[in-house]
Amino acid sequence: MKTKKIILDCDPGHDDAISIILAASQPSLDILGITTVSGNAEIEKTTRNALKICDLVSLNDVLVSKGASEPFIRIRETAPGIHGDSGLDGPELPEPSRSWSAEHGCDTIIRLIKGADDPVTILPTGPLTNIALALLKAPEIKDNIEEIVLMGGGTFGNWTPTAEFNIWADPEAAKKVFDSGIPLVVMGLDITHQALATKEVIDQVQEIDNDVARIVGELLEFFASTYKEMFNFSGAPVHDVLTVAYCVAPELFTTKEVNITVETKGEFTAGTTSIDLHGITGRKVNAKYGLELDTEGFWKMMIEALKTY
Ligand code: BDR
Ligand code: CA
């Protein structure tokens, strides 16, 4: 089977953690490296969390590199109300068995892409700081990027009335990535809110008899409790997991080719994605935007994946 070479750039984060777990279970994916960014929590925390999840799923040989600790120009803001103080509250996970690499995350991205025989797919599930830094430092990597499948944005917001957290956290970096000309697949809130881990889903996960599924069950319970508290949702949207699911089973997704760019200047709208769904701006198509998810098929895939552990 031909494998897809991927880099996971993340800020674990409950849904980032579950993305790593799903990716690690898929024989069709070759994880070249994991890079971390500050987002849901400060950089040391998100990096430690990534390492803990690597231990859980025995990704012992996958390099984990710590990336940007701050957005380009904004003040860093984290999301403890959603992910807890550690960024991954809920389950008890042992301290990581190893440390992060000495190389900065953006240099890891550059090196892995330059060294890959086949074009690489990047899956960013946090603020886009590392990706923008890598593009600034080594624009030539564009030639060996297959596509960027990212979680971010939406036609509505979750952090401000119009902006989604990942884009809002570093709009300048996001704009650099959206305007880069690299083919993008964008999983925004319009589709990620269709992937709710409801009580029924969590029950199914908890019926699976292995440690990884037990931890995922605990992650989902915590995540669902904060989503209930903050947004009165009936489950947790596992936003980031859609990036991995798309790479494995694109047939579960209905997307539309559109132009998306990012508002960086608005007094009330910074970090808003301007998604030209109806082609009214004349701007050139740069992204496939996720519109509809086969929710049943998605959870089936997730449950099957967890059973493999
Ligand atoms: C995004 O923000 C974070 O809370 C999640 O990990 C996800 O990447 C959703 O807005
Ligand atoms: Ca995330």
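## A tour from the ligand shell outwards

Begin by selecting the shell around ligand 1, which by class holds 2 nonpolar, 6 polar and 4 charged residues; bear in mind throughout that the model is predicted. The residues to highlight around ligand 1 are Asp 15, Asp 16, Asn 40, His 83, Thr 125, Met 151, Asn 158, Glu 164, Phe 165, Asn 166, His 239 and Asp 240. If you colour by secondary structure, helix 1 (14-24) and helix 6 (165-169) can each be seen to supply at least two residues of this shell.

Next, show the side chains of Asp 15 and Glu 164 together with the backbone of Thr 125. An N or O atom in the side chain of Asp 15 is 2.6 Å from an oxygen atom of ligand 1, while a polar side-chain atom of Glu 164 lies 2.4 Å from an oxygen atom of the ligand. At Thr 125 the partner is a polar backbone atom, which is 3.0 Å from an oxygen atom of ligand 1. On its own ligand 1 has 280 Å² of accessible area, and the protein covers 97% of that area. With a cavity display switched on, the largest cavity turns out to be the space taken by ligand 1.

From helix 1, step back along the chain to Gly 13, which is placed in the loop between strand 1 (4-10) and helix 1. The peptide bond to inspect here runs from Pro 12 to Gly 13 and is cis, with omega near -10 degrees. Then move to Ser 58, in the loop between helix 2 (43-56) and strand 3 (63-66), where phi is near 55 degrees, a positive value in a residue other than glycine. Both stops merit a look because most residues other than glycine have a negative phi, and most peptide bonds are trans.

Finally, turn to the aromatic rings, of which a search of the whole structure finds 8 pairs. Select Tyr 227 and Phe 231, whose ring centres are 5.0 Å apart and whose planes meet at 35 degrees, so the pair is tilted. Both residues belong to helix 10 (residues 211-231), and because they are 4 residues apart there, about one helical turn separates Tyr 227 from Phe 231.

Terms used. Residues numbered from 1 in each chain as written. Chains lettered and ligands numbered in written order. Predicted model: local features only at pLDDT ≥ 70, side-chain atom pairs only at ≥ 80, totals over all residues. Heavy atoms only, no water. Near = heavy atom within 4 Å. Polar contact = N/O pair within 3.5 Å; in protein donor to acceptor, adjacent residues only side chain to side chain. Areas by Shrake-Rupley, 256 points an atom, 1.4 Å probe, with all protein chains shown as cover. 1 Å grid on protein atoms, 1.4 Å probe; cavity = no way out; pocket = protein on both sides within 12 Å on 5 of 7 lines; lining within 4 Å. Sits in = over half its atoms within 2 Å of the grid points. Nonpolar A, V, L, I, M, F, W, Y, C, P; charged D, E, K, R; others polar. Phe/Tyr/Trp six-rings, centres within 6.5 Å; stacked < 30°, edge-to-face > 60°.
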